[in-house]
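Here is a short tour of a structure, written to be read with the model open beside it. Take a moment to turn it around before reading on.

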Amino acid sequence: MTSLRSMAEKKGMKVANRESTTLHVFLVKPSKYDDDGFVVRHWRGVLPSNTLACLDGLTEDVRRRKLLGDVDLRVHVLDEMVEKIPIDRIAHLNRRDKVVVGLVGVQTNQFCRASDIALALRRKGVAVLFGGFHVSGMLAMFPTVSPEIQELMDAGVSVVAGEVEHRWADMLRDAYEGKLKPLYHFLNDLPDLSDSPRPVINKQYLRKFISSNFGTIDCSRGCPFNCSFCTIINVQGRKTRHRSPECIAETLRANYRESGAYFYFFTDDDFARNPAWEGVFDQLIHLREEEGIPIKFMIQVDVQSHKIHGFVEKAARAGLSNVFIGMESINAKNLKDAGKMQNKVKEYRDLIDVWHKVRVSTHAAYIIGFPHDSEQSVAEDIQRLMTDVRPQRVSFFMMTPLPGSRDHKDMVDSGAPMATDYNVYDSFHEAMPHPKMKNGEWTRTYLNAWRSFYDFENMKTILSNADPKNYWDIFRNFLWYKNSALKEGAHPMLSGFFRIKDRKSRRASFQRLGRLAHLRRRIPEIYGYIRDSLRLILEMEELWLQTRKRSETEVRVVEELQRMRAELHRSLRVSELQTAFARAKARVPSIEVPSRLSLTREKLSVLRASRLRETRYDLSRYWAGVRQRVRQGRLEVFLRVDRMALNGLRELRLVTGFLYALATGAH
Ligand code: B12
Ligand code: SF4
C-alpha cells in the first residue's frame, strides 16, 4: 500500500523531520458548523468527551510501557467544542518533529467540520488519522467505501473503522515511521475490554468545562437489543463487552486521588445489560462506604432495567444520582415499528416511581418524528408524559437516519430522500422528509415539546415534588437545557455556555466576513445573549423562590419571626432571632437554639430566608412599570428615588441569594 509520506512527497508537501525522535500525538475532537456556517464553540463546555479520554488513556499506556522504544511520545488533547484547533501551530511543529493528528470520535454531524480540518492539515503535510461513528457506521453497513470517506482517503487521510484497544501502539509506530495505511478496518474483530487501558482524566482539559470534578468511563460497550434507528449494535456489537469491576474501582480511586474527580458519567449505552453491573456497584459501594470516596454517577438504561433483581437498590446505594432512560416515545405504534419491543408504555409510570422511591432522579430520552407522529399527536403525548409518566427531565431528539443504523441503510438501499449535508444529522434538524409533518411543522412540533416540558409551571411541579437530595441537580439541568434548547437554539448535548464565533473558520460555502462586518453582526448577538441570559436568570430565580426546599428549622423559625411581627425588611436583632429559635424549639424540640456568637450556616440561611418573599413578581411588575413610563417620557418616575433604591436593593439581595444558592447548592 502507498504510505502517506510517499504520497505527500510526490505532491511536494512539506513533511516531518525524519531525524526527530519525538512524536507529537494530537487528539482532536472536532465540533460542527452551525446554520450560519460558524464552528460551534463555547467559552465553557458541559460534557467532556469520553472518546478523547479513552484515546488519551491508550496513548499514555503506550508511553508508559515504552511500546515505541525510545520514541519521545507527547500527547496533546484538544476539543473544538471549547477551544480553537491551532492548525498552523501543528503544521509548524511538523517541520521540526514528527506529528500525527487523530480526529477522534467523529460523528456524522461533525463529519463536514472534521473533513475540513483533516484536509487543511493534509495540505500542510501533516499525517492525519480519522475515526469515529460516521466512518465506522458507514463501513459496517455498506460493502464499498462511500464517496465522502473516499475523498478523505484520496487526500492521504488514514481512516479508522472500529475500536483500537490493543492496536494503538502498532498504529502509532506506523505514524512514527511514516507508514500509515489508508484504511484501518477493525470492525470484525471487537477488542476484549477486560484488561484494556482505562480512560484518563486530563486536568488541563477539564478546566474548560463548567465542572472540574467530573469524569467519564465506558464500563461496557455493545447492546443486546435491536432497535432499527440504533448505530451501536452494528458498530460495537450485540454482545456486551465490559471492563472489570476492579479496574473501574481502581480508575475511580486514582482519579479521586489525583484530580479530585468523584462525579461520573458512565457512558455505556445500556448499563443494565453490562453483565458485570453488580460487581461494579459492589465496588462503588465499597469506595463510598469503606474508603469514604463520595462517588456519584449517572447511567443510561433501558425501560426494563428496574425489573432486574437488586439493580435499582444497589444502584442507589452505589451513588447513582440520575438515570437516563431510553423511553423514546409513548406511542406504542412507534415503538413497535422501531423494533423497540422491550418498551411497554403502560409500565413507564411504575418505572419512574421505582427510581424516585430510591431517591434517584429520572431523565427520559424522547424521539420526535416517528412515522406515526403528527403535530397534534406529539403535543398530546408530551402532555401525557408530563402528567402521567412524570420523568423529571427529558431530552428530545428529532428522528435522524444515522449512518450505522438499519434505518439509514434501508433508506439508502431504497433510494429514499435524505439530507445530503451531514452537518444536519445532529438530531436537532430535519434530516429527511416526514410523512405527516411538512413545511417546518416537524421542527415546530419538536421545539414546542421543549417549550411544554420546560415551561415554568411544569418545572415548578417537578421541583416541588423532587427529593431535596436531587433538587439542585435537576435545577441546574433545567438552567442548562433552557439556555441551550430554547435560547441558543442548539441541542443541550452539543452545547455549552457562551458561544464564541470565529470569523476565520467559517464554512467554505459561507462568505468570510471582514473584521468590521463580523463585529456589526456579533455586537447585537452578544447584546441579545446578555439580555436573554438575564431574563433566564430572573425566571430561574423566581422558580427557586417558589420551590426551594427549606429545612424544618428554617420553616419554624421564620413562622415564629412572622408571629413576632418582625418586619421582613428591617434588620433583625440577634436577641430577636434567638427568641424565635427558642419559641420554635418549644414546638419542635430537635431544633437547637444558637448562642449569640454562633451564627452558623443554617442560622444565616434562616436570617436570609426571613427576608425573602416567596416571589419576585411584584418586583417584575414594578420594573415593567418603570420601563413603560420611561418609554412614554414620564421621567418623574426617577423622582421616587427611595422606592427605586429599595426595590433595587431587594433585587440585588435576591439575585445574590439565588446565585449563592445555585453555586453552593444551599437552600
Ligand atoms: C457518551 C455519548 C455522548 C456524550 C458525549 C460526552 C461524553 N461524556 O463522552 C453526549 C451525551 C454529550 C453525546 C452527545 C451526542 N451524541 Co453521543 N454518544 C455517546 C455514546 C453513548 C458513548 C461515546 C463513548 O464514550 N464511546 C466509547 C468510545 C471509547 O468509543 P468510540 O467513540 O467509538 O471510540 C473508539 C473507536 O471508535 C476508536 N476511535 C474513535 N475515534 C477515533 C479516532 C482515531 C484517530 C482512532 C485511531 C480511533 C478512534 O477508538 C475508540 C477506542 O476504541 C455513543 C455511543 C457509543 N456506544 O459509543 C453515542 C453516539 C456517539 N452519539 C451520537 C449522537 C448522534 C450524539 C448527538 C448528536 C445526539 C444528540 N443530539 O444529543 C450528540 C452530539 C454531541 C457532540 N458534539 O459530541 C451517535 C453518533 C452516531 C453517528 N453516526 O453520528 C452515537 C453513536 C449514539 C447513537 N445514537 O447512535 N453523546
Ligand atoms: S436499547 Fe439503546 S443501545 Fe440498545 S439497541 Fe436500542 S437504541 Fe441501541
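## Around the ligand

A good place to begin is Thr51, where a polar side-chain atom lies 2.8 Å from an oxygen atom of ligand 1. Please keep in mind that this is a predicted model. Asp269 also reaches the ligand, with a polar side-chain atom 2.4 Å from a nitrogen atom of ligand 1. Gly132 takes part through its backbone: an N or O atom there lies 3.4 Å from a nitrogen atom of ligand 1. The elements that supply two or more residues to the shell are α2 (50-64), β4 (98-103), β5 (127-131) and α7 (168-176). Of these, α2 gives the most, with four residues.

How many residues surround ligand 1? There are 45, and the closest are Asn50, Thr51, Glu165, Thr231 and Asp269. By character, the shell divides into 19 nonpolar, 19 polar and seven charged residues.

## Salt bridges

Searching the whole structure turns up 46 salt bridges. In one of them, the side chains of Arg167 and Asp189 meet at 3.0 Å, N to O. This pair links distant parts of the chain, 22 residues apart: Arg167 sits in the loop between β6 (158-161) and α7, and Asp189 in the loop between β7 (183-185) and α8 (203-206). Are these two partners buried or exposed? Arg167 is buried, because its relative accessible area of 12% is under 20%. Asp189, at 48%, is partly exposed.

Another salt bridge joins the side chains of Asp642 and Arg640, at 3.7 Å from N to O. Both partners are partly exposed, Asp642 with a relative accessible area of 48% and Arg640 with 43%. Elsewhere, salt bridges with shared partners join Glu163, Glu165, Asp218, Arg221, Arg241 and Arg243 into one network. Glu165 is a residue to look at twice, as it is also listed among the closest to ligand 1.

## Helix α20

Helix α20 covers residues 515-547 and contains Ile523. Together with Leu516 and Leu519, Ile523 makes a nonpolar surface patch of about 320 Å². Ile523 counts as exposed because its relative accessible area, 53%, is over 50%.

The helix also holds a salt bridge between the side chains of Glu525 and Arg522, at 2.6 Å from N to O. Both residues lie in α20, three residues apart, which is about one turn of the helix. Arg522 is buried, with a relative accessible area of 10%, while Glu525 is partly exposed at 27%.

Key: Residues numbered from 1 in each chain as written. Chains lettered and ligands numbered in written order. Predicted model: local features only at pLDDT ≥ 70, side-chain atom pairs only at ≥ 80, totals over all residues. Heavy atoms only, no water. Patch = residues over 30% accessible without salt bridge, like charges linked within 9 Å, V, L, I, M, F, W, Y side chains within 5 Å. Areas by Shrake-Rupley, 256 points an atom, 1.4 Å probe, with all protein chains shown as cover. Salt bridge = Lys/Arg side-chain N within 4 Å of Asp/Glu carboxyl O. Buried < 20%, exposed > 50% of the residue type's maximum accessible area, 1.4 Å probe, protein only. Near = heavy atom within 4 Å. Polar contact = N/O pair within 3.5 Å; in protein donor to acceptor, adjacent residues only side chain to side chain. Nonpolar A, V, L, I, M, F, W, Y, C, P; charged D, E, K, R; others polar.
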